[in-house]
Amino acid sequence: NFSVQDIAKQLTILDYIQLKAIEPAELMKQSWSSEKLSHNSINVCRCMDRLNMLSYWVPTMVMGCSTLQSRKKMVEWFYLLALELRSINNFQSLMAIVAGFNTSSLQRLKHTIEIIDKDLRKKYLSMEELMSP
């Protein structure tokens with residue numbers, strides 16, 4: 001078992017490596033959003049792919065839990081991870097976690113969300129609001 005601090009640090013290292021690889025020219029003309037020009041923004045595309053992969057990790061882990069209590073524990077773990085990512089200013093991975101919680105499969109877990117620690121839930125929702133566009 002790894003602590004949320006250890007996982008957050010490792011995610012930050014991985015994000016740093018990917019973000020550091022982005023060259024200024026890759027940010028020109030939003031070439032990452034064009035099929036024809038995406039080859040000009042390889043590192044931006046890799047960052048986006050990693051964000052998507054990380055965001056799918058959240059519902060995969062939560063939905064893989066077979067009981068209400070195990071889902072609660074998993075959701076709380078991801079909330080704590082998100083709070084830790086915020087505390088070390090890793091907004092890349094934090095956005096992925098928030099996006100993962102906004103998937104339709106997790107939005108339907110009303111019974112699970114109802115039994116989450118109220119203070120933890122309130123802290124997470126405050127942070128989620130910070131990350132909303």
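This text leads through a predicted model, from its nonpolar core to one helix and then to a surface patch. In this predicted model, local features require pLDDT of at least 70 and side-chain atom pairs count only at pLDDT 80 or more, while totals for chains, interfaces and linings use all residues. Residues are numbered from 1 along each chain as its sequence is written, and side-chain values use heavy atoms, without hydrogens and water.

The largest nonpolar core (buried Ala, Val, Leu, Ile, Met, Phe, Trp, Tyr and Cys residues joined through side-chain atoms within 4.5 Å) has 26 residues. Val62, Phe78, Leu81, Ile97 and Phe101 touch the most other members. Two or more residues each come from helices H1, H2 (42-63), H3 (68-87), H4 (91-101) and H7 (118-131); helices here are DSSP runs of H or I with at least four residues, numbered from the N terminus. H3 gives the largest share, seven residues.

In H3, the buried residues (under 20% relative accessible area, 1.4 Å probe, protein chains only) include Met74, Phe78, Leu81 and Leu85. The buried residues of H3 pack against H1, H2, H4, H6 (110-114) and H7, where contact means heavy atoms within 4.5 Å. Leucine 81 touches Val4, Ile7, Ala8, Leu11, Trp57 and Ile97, leaving aside residues up to four places away in sequence. Just after H3, asparagine 89 has a positive phi of about 60°.

On the surface, Ile13, Leu14, Tyr16 and Ile17 form a nonpolar patch: such side chains are joined within 5 Å and have over 30% relative accessible area and no salt bridge, that is, no Lys or Arg side-chain nitrogen within 4 Å of an Asp or Glu carboxyl oxygen. Together they have about 410 Å² of accessible area, by the Shrake-Rupley method with a 1.4 Å probe. Isoleucine 17 belongs to H1 (residues 4-20).

Key:
Patches are made of residues with over 30% relative accessible area and no salt bridge: like charges are joined within 9 Å, nonpolar side chains (Val, Leu, Ile, Met, Phe, Trp, Tyr) within 5 Å. Buried means under 20% relative accessible area, exposed over 50%, partly exposed in between (1.4 Å probe, protein chains only).
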